[in-house]
Amino acid sequence: MSLVRRSNVFDPFADFWDPFDGVFRSLVPSIAPSDRDTDAFASARIDWKETPEAHVFKADLPGVKKEEVKVEVEDGNVLVISGQRSKEKEDKNDRWHRVERSSGQFMRRFRLPENTKVDQVKAGLENGVLTVTVPKAEEKKPEVKAIEISG
C-alpha cells in the first residue's frame, strides 16, 4: 500500500487505504507501481478547437521545456504531440510529505480532417501552455453558372 500519491487531480480519498490496491496489478502484471506514478502526466490533457481559419490544440505542460516536447505530423494527417518531464532529483536526506506533481513521458495522437494544411503547422510554448495551430485549406466554392431561360 502506498500512501504517497502522485496526481494533479484533487482526490478527497487519496490518503485512505485502498483494499484493491495491488489486486489489479496482480491481474495485469504490465502495470508496475512506477507506471502509476506518471498516470496524470502520461495522458496530457489537450483541448482541440476549430475556428474558421484553423484547428487549434492547447496543452497544459507546466515545467516542460521546449526541448522536451515534439510536435510531428505522421502518415500525412496524424498530429502527434509527445514529450517528457524529467523527475526531480531526490536527495537521500530529503523527507517528502506529499508528492503530487507527475513526471514521465506522454504522447497524444489526433487524426486531422482532410481540409488541413499539414505543411503549415505552427507550434509555440509559452507560460507552460503548448499551442499548435493547423491552418485549414480554403474550401472550393462550387462555381455557379446562371442559365438563361428561353420562352
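How many bridges join β1 to β2, and do these strands run parallel or antiparallel? Five bridges join them, and the two strands run antiparallel. This pair is one entry into the structure, which is a predicted model. The following paragraphs start with the overall layout and then return to β1 and β2.

The protein contains three helices and seven strands. Along the sequence they follow the pattern α-α-α-β-β-β-β-β-β-β, so the reader meets the helices before the strands. Of the 151 residues, 25% count as buried. The accessible surface of the protein comes to about 12000 Å², and carbon and sulfur atoms account for 51% of this surface. Among the contacts with a separation of 6 or more, 55% are between residues 24 or more positions apart.

The strands can now be placed in sheets. Strands of a sheet pair through backbone hydrogen bonds, and the pairing is either parallel or antiparallel. One open sheet is formed by four strands in the order β1-β2-β7-β6, with antiparallel pairing. Its edge strands are β1, residues 46-50, and β6, residues 122-126; each of these pairs on one side only. From one strand to the next, the twist of this sheet averages 15°.

Within this sheet, β1 and β2 form a hairpin, and three residues lie between the two strands. Individual partners can be followed across the pair. Glu50 has His55 in β2 as its bridge partner, and Lys49 has Val56 in β2. On to the next pairing: β2 is joined to β7 by seven bridges, and these two strands also run antiparallel. Here Lys58 stands opposite Thr131 in β7.

How far is β2 enclosed by the rest of the structure? Five of its seven residues are buried, so β2 is largely enclosed.

A second open sheet is formed by three strands in the order β3-β4-β5, and its pairing is antiparallel. The edge strands are β3, residues 69-74, and β5, each of which pairs on one side only. Neighbouring strands of this sheet are turned by 15° against each other on average, direction ignored. Between β3 and β4 there are six bridges, in the antiparallel sense. One of the partnerships here links Glu74 with Val78 in β4.

Strands from both sheets supply residues to the largest nonpolar core. This core has 15 residues. The residues with the most contacts inside it are Phe57, Leu61, Leu79, Ile81, Leu130 and Val132. At least two residues of the core come from each of β2 (54-60), β4 (78-85), β5 (104-111) and β7 (129-135). The largest share, three residues, is supplied by β7.

Phe57 also takes part in an aromatic arrangement. A search of the whole structure finds three aromatic pairs. A pair of aromatic rings is described by the distance of the centres and the angle of the planes. For Phe57 and Phe110, the ring centres are 5.1 Å apart and the planes stand at 50°, so this pair is tilted. Phe57 lies in strand β2 and Phe110 in strand β5, so the pair ties together parts that are 53 residues apart in sequence. Both Phe57 and Phe110 are buried. Together with Trp48, these two residues form one aromatic cluster.

Two loop residues remain to be visited. Which loop holds Asp75? Asp75 lies in the loop between β3 and β4. Its phi is near 55°, a positive value in a residue other than glycine. Asp75 has a relative accessible area of 70%; because exposed means over 50%, Asp75 counts as exposed. Asn127 is found in the loop between β6 and β7. The phi of Asn127 is near 55°, again a positive value in a residue other than glycine. Asn127 is exposed as well, with a relative accessibility of 76%. These two loop residues are exposed, whereas Phe57 and Phe110 are buried.

Note on methods: Residues are numbered from 1 along each chain as its sequence is written. This is a predicted model: local features need pLDDT of at least 70, side-chain atom pairs count only at pLDDT 80 or more; totals for chains, interfaces and linings use all residues. Side-chain values use heavy atoms; hydrogens and water are left out. A nonpolar core is a set of buried Ala, Val, Leu, Ile, Met, Phe, Trp, Tyr and Cys residues joined through side-chain atoms within 4.5 Å. Buried means under 20% relative accessible area, exposed over 50%, partly exposed in between (1.4 Å probe, protein chains only). Two strands pair if DSSP finds at least two bridges between them. Axes are lines fitted to C-alpha atoms, for helices over the stretch in contact, and angles run from 0 to 180 degrees between N-to-C directions. Contact means heavy atoms within 4.5 Å. Accessible areas come from the Shrake-Rupley method with a 1.4 Å probe; for residues, only the protein chains shown count as cover. Rings of Phe, Tyr and Trp (its six-membered ring) pair if their centres lie within 6.5 Å; planes under 30 degrees apart count as stacked, over 60 as edge-to-face and the rest as tilted.
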